[in-house]
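Grab a viewer and a pencil. Here are a few exercises on a pocket and some aromatic rings, each with a worked solution.

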Amino acid sequence: MSELIQIAHIAVFALVTGSCLAAMGWVRKLSSTEIRYGLYGLFVASALWAAGQLVLFLNPPLAVARAGYYVALIAGLTTVGAWLYFCSAFAGHEYHQTPRYRRGFLGVFLAIVVLKLTNPLHQQYFDIQRVQTPFPHMNPQLFELHAAVEVLAYSAVAIGFYILFELFRNSDISTKGLAALVSLTAAPVILNVLNELGVSALVANSYEPIAVAMFALGTLVLADEQFEEVRWSAETQLLDQINEGVLIVDESGLVRDFNKSAQDLFPSVRSGCPLTEIDSSLAPDGGAQAETEGDSRILAIDRDGGTLYYLLNRTPLAIGPDMAASALVVSNVTKVEKQRRELKRQSEQLEGFSEAVAHELRNTLTIASSNVTLLSDALADGESDDAEQVLGRIRGANNRMVDIVNDLSTLARLSQTTAAMETVWLSHIVDDAQGEAASTPLTVSVETDSQIRADRTRSKELLQNGIELGAEIEAEQLEISVADGSITLTYTSPGLPAFDNDGFLKYGEAVPHAEAGMYGPNIQALARAQEWTATVEQQAGGFSLVLSGVESVES
């Protein structure tokens, strides 16, 4: 019977040694280098500890037994350091990299090793005796110094467990697996108690390597199955501390996670939903509301009755070794983007003004030059009546140039984006514009009236340009209406030829003809100053100018 017990002990400890060595192949698959280092140390030390204990079961000579047990003692102490290294790396701390902690542990480790190796001198750590029960083997007797070191070792192990429990608790992940690991540390104590109670098949002070090896294997399973989950949960909590909206999207375009700021921005977001369901502007192509700016994108999102601008940055990241993802960071850049757009608009407007002035100046100078020649010929021929008519045309061209310069000067001042919006009746603004416009037979009517949010001066100037445009193209009627966030100016002008819609709103294009070419661009500039958009729609017998983005106010 004793031989069977001996064979069983030898087989178990040999299996433990081999399992620890074999497990290192599994360790290589883990994604974290530092966690791998910790587990490598834990498995190598556990294998040496079990092998050193195995030597005692072979009932060798005393010198061999002492050598084997020294290996076991030092390896057992090494498992404590490897365990603490693993816990620090797993939890994302830097204790294992901090020089003072490393030096402190190394100093304690070497002191204890020296204490173990000098046991033949002080005889206070252990002694080895050959015993015959339950089978012939070498059995260590442990003394007070060993007990003190054991208390210190278990205290260090407890620190590692505390680090992991804190990590799991903060990550809202079950600690059942960790609790099972803790229970393994009690196994040697239970077996030693059973041995003291008279269970004859057990050997005293011998089973710690088995428990530690099982503990190491359990730690590997824990690291392999839950490391990415724990790390990701911790990073998710970090996301909630970021003011910008963050969406984590996997390779298939599904939302994996998001923070509170992203949820506030996109209320419909949920884990597992396609990115395109949240907002079309988040689509890879940007959608209709996105504007590419270098490597980033500007999103225009309607919120609370206005347009907000967000900078979207996409950053690749990895969720574990086998899954790639992207972090979409959405930052509110409304103020900066509005300033940028305003500067862009003013730059385009300045370019338009220069084209308009150059165009009108060329026309006026051409007219003046040709009429000066006619005036010279008329004076030479003594035809005073003809000379007076030519002089009148020159004065008219000069006055037209003065008027254009004055108009552009006024427009340059009024075309700056305004924040002084107020609630006004459209009909009142039309009346003011008619009072300022040159006398004309054009019939102007307000078909639908409403209160709107507008800058009174700019909107009056805009409608004045609209009325003078109708007079210049000899329109029969101008109908002004407001509905669905738009002001529409509808011109009835059957004799007006078709024209280019885009050119109608650009300076220097002279659309629909040279005399009326300034009104369309002026209207667009004044509309943009109030954050409205001007478009042209031609129809049979005339055309319409549509001003979109107008806020109506219910009376």
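A quick definition before you start: buried means under 20% relative accessible area, exposed means over 50%, and partly exposed is in between (1.4 Å probe, protein chains only). This is a predicted model, where local features need pLDDT of at least 70 and side-chain atom pairs count only at pLDDT 80 or more, while totals for chains, interfaces and linings use all residues. Residues are numbered from 1 along each chain as its sequence is written, and side-chain values use heavy atoms, with hydrogens and water left out.

**Exercise 1.** Work out how buried or exposed F543 and Y491 are, and how their rings are arranged.

*Solution.* Start with accessibility: F543 has 1% relative accessibility, so F543 counts as buried. Y491 is buried too, with a relative accessible area of 1%. Next, the rings: rings of Phe, Tyr and Trp (its six-membered ring) pair if their centres lie within 6.5 Å, and planes under 30 degrees apart count as stacked, over 60 as edge-to-face and the rest as tilted. The ring centres of Y491 and F543 are 4.7 Å apart with planes at 20°, so this pair is stacked. Finally, place them: Y491 sits in strand β13 (residues 486–492) and F543 in strand β15 (residues 542–548), so the pair ties together parts that are 52 residues apart in sequence. (Helices, H or I with at least four residues, and strands, E with at least two, are DSSP runs numbered from the N terminus.)

**Exercise 2.** Describe the second largest pocket and its lining.

*Solution.* First, the term: on a 1 Å grid over the protein atoms alone, a pocket is an open set of points where a 1.4 Å probe fits, with protein on both sides within 12 Å along at least five of seven lines; lining residues have an atom within 4 Å of a point. Here 23 residues line the pocket, with G81, L84, Y85, Y101 and F105 nearest its centre. Elements giving two or more residues to that lining are α3 (62–90), α4 (99–117) and α6 (144–170). Of these, α4 gives the most, with eight residues.

**Exercise 3.** Which aromatic pair does F105 form with F109, and how accessible is each residue?

*Solution.* Begin with the count: the structure holds 14 aromatic pairs. F105 and F109 make a stacked one, 6.2 Å centre to centre with 25° between the planes. Both lie in helix α4, four residues apart, about one turn of the helix. As for accessibility, F105 is partly exposed at 34%, whereas F109 is buried at 16%.
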